[in-house]
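The following exercises are to be worked through with the sequence and the model at hand. Each task is followed by a solution in steps.

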Amino acid sequence: MIKLLISVLSCLVQELSEHLGIRTLNERLTDPTMRDSFDSIFPKDNPKNTRFAINFFTSIGLGGITENLREYLKNMPRMIMQQQEQLPESESGSDDESESSGSSDSDSSSSESESDSPSSDEDERRRRKQHRSSERDERHKKRHRSSERDERHRKRRRSSERDERHRKR
C-alpha cells in the first residue's frame, strides 16, 4: 500500500513539474498560503523524515524542490542550540527553582540528544556517501581495465586473423 502511495505521489509531482516547470512548481509548493497543505509531504518534524523526503524527491529527479528542506536540515543544529540558550534564560526568571530545574534537566538532555543526532547522522551519511563513491570509482576502474583488456584481446584476434588470411594466400 505504501509503495503504491509513493508511486502515485512520484508520478503526480513529476507530471506537475513537466507541465508547470520546476521553478513554478517550487514557488507553488513554498507559497505561504499552501504551506500547511504540504507539511506532510515536506516534513520538518524529525530529521529522519526530512532526509527521507529529500532523498525521495531527489531520487525521482526533483531534488530542486527540496532546497527549503535542505536549508532547514542544515540549520537545524543551530536552531536547537538557540533553543537550549533560551531555556536557561527562562529558568532564571522563575520563582520556584526546584520545579524549573527538574523540568529543565529533562528538556536540556532531550535537546542535547537532538542536537547530537543530526550531526552524527550527517557524519554517518557522509561516510556512507564517501564509501559508495569509492566503491563506484573502484567499479569504474575495474570496468575500464576490463574494457582495455577486451580491446587488447580484440586487436590481437584481428591481427591473428589477418595473419592467418595472409598465410592462406
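**Exercise 1.** Is Glu 71 buried, partly exposed or exposed? Determine also its salt-bridge partner and the place of the pair in the chain.

*Solution.* The model is a predicted one.
Step 1. The relative accessible area of Glu 71 is 39%. Partly exposed covers the range between 20% and 50%, so Glu 71 is partly exposed.
Step 2. Glu 71 forms a salt bridge with Lys 74, with the closest N and O atoms 3.8 Å apart. The cut-off for such a pair is 4 Å.
Step 3. Both residues belong to helix α4; because they are 3 residues apart, about one helical turn separates them.
Step 4. Lys 74 has a relative accessible area of 54% and is therefore exposed.

**Exercise 2.** How many salt bridges does a search of the whole structure find? Describe the one formed by Arg 70.

*Solution.* Step 1. The search yields 2 salt bridges.
Step 2. Arg 70 pairs with Glu 67, and their closest N and O atoms are 3.9 Å apart.
Step 3. These two residues also lie in helix α4, 3 residues apart, or about one turn of the helix.
Step 4. Arg 70 is partly exposed at 34% relative accessibility, and Glu 67 is partly exposed at 46%.

**Exercise 3.** Characterise the lining of the largest pocket.

*Solution.* Step 1. The largest pocket holds about 450 Å³ of space. Of its 13 lining residues, those closest to the centre are Ile 54, Asn 55, Arg 70, Arg 125 and Lys 129.
Step 2. At least two lining residues come from each of α3 (47–59), α4 (67–92) and α5 (97–168).
Step 3. By class, the lining comprises 8 charged, 3 polar and 2 nonpolar residues.

**Exercise 4.** Which residues line the second largest pocket? Locate Leu 29 as well.

*Solution.* Step 1. The second largest pocket has about 210 Å³ of space. Its lining includes Asn 26, Leu 29, Phe 38, Phe 42 and Asn 68, together with Thr 30, Arg 35, Asp 39, Lys 44, Ile 65 and Leu 69.
Step 2. The classes are 5 nonpolar, 3 polar and 3 charged residues.
Step 3. Leu 29 is in helix α2. Its relative accessibility is 14%, so Leu 29 counts as buried, the limit being under 20%.
Step 4. Leu 29 and Thr 66 are 37 residues apart in sequence, with their C-alpha atoms 9.9 Å apart in space.

Note on methods:
Residues numbered from 1 in each chain as written. Predicted model: local features only at pLDDT ≥ 70, side-chain atom pairs only at ≥ 80, totals over all residues. Heavy atoms only, no water. 1 Å grid on protein atoms, 1.4 Å probe; cavity = no way out; pocket = protein on both sides within 12 Å on 5 of 7 lines; lining within 4 Å. Points joined across faces, edges and corners; volume = space filled by probe spheres on them. Helix = DSSP H or I, 4+ residues; strand = E, 2+ residues; numbered from the N terminus. Nonpolar A, V, L, I, M, F, W, Y, C, P; charged D, E, K, R; others polar. Buried < 20%, exposed > 50% of the residue type's maximum accessible area, 1.4 Å probe, protein only. Salt bridge = Lys/Arg side-chain N within 4 Å of Asp/Glu carboxyl O.
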